[in-house]
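Here are a few exercises to work through with the model open beside you. Try each one yourself before you read its solution.

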Amino acid sequence: MITLIALTTLLANPISEFPERNAQEISLVAIAKLPNLGAKDRQILDVIGKAITRGTEIYGRREAYQITDGRTVTCSVLPDAVILQFSVPANNLKLGISLMDALIHNASLTQIEIDRAVDSLGRKEQDYWHTALSPYKFELGSVTREQVQDLYARVFRPEAVYLGVGGAIKPGEAEDEWSNRIERWHPVPLPQYPDISLDKVAVANSSGITTGEIRGQEMPNGDPAIITKTLALYALGSGKESSLHRIVREKLGLSYRQESILWPTTKGWLPRLIIAMADAEDPAASLDAAKKELLADIETWQEKDLKRAIGMANANLRLGVPLGPLGFLEAYPGRSVEDRVKMGTYWQMKTGTQWSTEKFLNTLEFVQLQDLKDAATAIVRDGTTVVLSGK
Amino acid sequence: MLSTFACLLALHQAPIQQPPRLRTILGNGAIILVDRVPDSPNVSLQLFVSSRAVPDTKTNHGLRHLLEHFEARGRNKNIDAKVETAGGFLYAKTTRVATQYEVVLPKKSWKMGVDVIQEIMQLGDVRSEDIQHEVKIMRQEGAIRDVSAHLADAAWSAAYGEAGLDPFGDLGVMGAATPELLTQVYKKSMVGSNVLMVISGDVDLDEGTQSARSILASLPRGNSPERPPKIGRGGLTAAVGLGEARGAIVGDMEDPLTIATVAAGLGVASEVDGSFMIYTPTKAQGMVVIGRVGETTGVGAEFEKVDPAVIFDRGRSLARRWVRGQIRDASGSGNFRGQLMIQSPSFKPERFLDMLDRMSFEDFKEGLARFREPNCVTVTGR
């Protein structure tokens, strides 16, 4: 028993604290880093994502509301992580940590909630944008509580979970509270034969809206060129002076919404340019035309385009303008405590380093124009085109 | 020596405490609000052009929206390049209440925003082919409108008929617009009695007011009379896209029962996973919509069965948080205060908080009753 406690404490990741002066509330986030999952496990994880917020064995839904003072507990499932987040009033840190502990160790996940989640996921129509981002269909007819509990325990393992607490806290306060709980955490063994079933990728966008994509080459975590590539994505597809907006929307009139995204994967990142094309007659040809125009446009980039991309990154990360390659996280550090806690904890999980908006933006200033053009050209030129027909 | 002394004296003067905000009404009727948000890293400048001057009708449905697309480009069509390079962004949107332009900039560059708003106020050349190109893009915009917007539009339409037309507009009407017609709408709208400018951020009240005055004072007064509000009626309707919604018919935002309805709606929404609320405060006819996308059951049933005593405290707490959330930063504060002030120059978000403090259980129950059949509009989306 002593050995197990010591092992759990050793394996657990350090808590990230983000105290802020003048904050009115406390934001808590728990991020579980995902291993490679088979298609079936990934769908069971979607069920967990939907059912986990319905209550725990310790706190029912109403009690959870009392702890959060009516704030909602959210759970989002990304390709590389599951993120649980909520806020509590400034004096509720202890109960907030207790609720988070209950959510990741003692979620009720009853068969009724599981059935409800399966039913809802089976019927749910994703919107065009989410379908373009994750073109997979939920196909499980039923899921048992045992399947759910098994995956739940495997996902929320001590070494996989990253806890972040920020806002109205004193330094060290959350850490003390959390460390008492880690000791009671019992890791489960990993399966000998993990699920390796393959995703069935959709070829149509079931929303009825056609989407096109230029999908760049995956870059590994720790890629030294990530800063240049991220700035290239700002230049290509963030803001109304980006290449995508100027060409795809203003020049070709192909689309109202088009954005660049740095999509997370379990191995790293995937640069993606996504275009909604509601009434394109030949989307594949339109996408090819857009690709050619983009490559020609990159050739013409000047220092002013580099400066605009840096400016847009500042607007996105410092002011909280919700347009940027890291938008998949829906956390803009300039916007709120919740967003800063989410981004800080996610970055720790993803890269093993602390997030600093200032440092990130300062590093962008060192990117040279030619390097930016080369990175953008590589993303577009070497990217594959993907069309999900809405017809 | 004397000048050094004078300089030192000036440096040691205590800063003059300014009030949190200053409202000025110019001779031409234009309203300026400078809203101090101390320590805010950004400044938000927002121009509101009321829909009063050109109310939406079936024959002009969407012209305000089309005009917004052209004005947001600015006379010289280089606004976005300037603003984005400075680390800011320009937003534009058309609602039932107003057309709204927001420039958000880092504090050090906020005065650029005044120039940008001035440029937006001057409509550039518009050709027929530009209109056709823009309508092509707007067709795309219309196609990707989310289900929650369709549900809310259906509720408005069922309750108010032509007086509840959606702010997006009719693509046929927009496609048939001419440059002359668009110019007429522009000239009627861009008049002193129809506009409000808000500057929200860590700015000096007098400096902000002077800056706004410099671009608004030359507008003609114009004429934009209030229309009498239309009384809404409940019923059943359908919408495009899978989802469901309940629309509670409300009147003047200054009526305490309106915010009680918001509180009741939020209380019930907290019982339904994935639900949303859409409410833009209005002086005349209004609607609080609670719905859910991707599901067709749950919201309506919850409204019919919920015990108001269970959700009363939570509803009040959520409504307070909703109001405070609207004004928690410079951009939000400018947006929310502007929305209220363009309709009622003396109305402030803090009034909602006062009303919530005084809200009785009876008020709350009455608010909840507005979401129940047959008072409400029930929308089913398929």
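**Exercise 1.** In this predicted model, work out how helix α10 of chain A and helix α5 of chain B pack, and which residues make the contact.

*Solution.* Start with the two helices: α10(A) spans residues 243-251 and α5(B) spans residues 128-143. Their axes lie 10 Å apart, at an angle of about 105°. Angles of 65 to 115 degrees count as roughly perpendicular, so α10(A) is roughly perpendicular to α5(B). Next, look at the side chains: α10(A) brings Arg249(A), Glu250(A) and Lys251(A), while α5(B) brings His133(B), Glu134(B) and Ile137(B). Sorted by character, the residues of this contact are four charged, one polar and one nonpolar.

**Exercise 2.** Now stay with α5(B) and describe its packing against helix α2 of chain B.

*Solution.* Find α2(B) at residues 63-71. Its axis is 11 Å from that of α5(B), and the angle is about 110°. The two helices are therefore roughly perpendicular to each other. From α2(B) come His65(B), Leu66(B), His69(B) and Phe70(B). They meet Asp130(B), Ile131(B), Glu134(B), Val135(B), Met138(B) and Glu141(B) of α5(B). The tally for this contact is five nonpolar, two polar and three charged residues.

**Exercise 3.** Which residues of helix α7 of chain A are buried, and why do they line one face of the helix?

*Solution.* Along α7(A), residues 145-155, the buried ones are Val148(A), Leu151(A), Tyr152(A), Arg154(A) and Val155(A). Then look down the helix axis: these residues fall within an arc of 165°, so they line one face of α7(A). Finally, see what covers them: among the elements of chain A that do so are strands β2 and β4 and helices α2, α4 and α5.

**Exercise 4.** Describe the ring pair formed by Trp347(A) and Trp355(A), and place it in its surroundings.

*Solution.* Over all chains, the structure holds 19 aromatic pairs. In the pair of Trp347(A) and Trp355(A), the ring centres are 5.0 Å apart and the planes meet at 75°, an edge-to-face arrangement. Both residues are buried. Widening the view, ring pairs link them into a cluster with Trp263(A), Trp269(A), Phe328(A), Tyr346(A) and Phe360(A).

**Exercise 5.** Is Thr24(B) buried or exposed, and what is it in contact with?

*Solution.* Locate Thr24(B) in strand β1 of chain B, residues 21-25. Buried means under 20% relative accessible area, so Thr24(B), at 15%, counts as buried. Beyond its neighbours within four places in sequence, Thr24(B) is in contact with Ala30(B), Ile31(B), Ile32(B), Thr209(B) and Arg213(B).

Conventions:
Residues numbered from 1 in each chain as written. Chains lettered and ligands numbered in written order. Predicted model: local features only at pLDDT ≥ 70, side-chain atom pairs only at ≥ 80, totals over all residues. Heavy atoms only, no water. Axes fitted to C-alpha atoms, helices over the stretch in contact; angles between N-to-C directions. Helix = DSSP H or I, 4+ residues; strand = E, 2+ residues; numbered from the N terminus. Parallel < 35°, antiparallel > 145°, perpendicular 65-115°, else oblique. Contact = heavy atoms within 4.5 Å. Nonpolar A, V, L, I, M, F, W, Y, C, P; charged D, E, K, R; others polar. Buried < 20%, exposed > 50% of the residue type's maximum accessible area, 1.4 Å probe, protein only. Arc of directions from axis to C-beta. Phe/Tyr/Trp six-rings, centres within 6.5 Å; stacked < 30°, edge-to-face > 60°.
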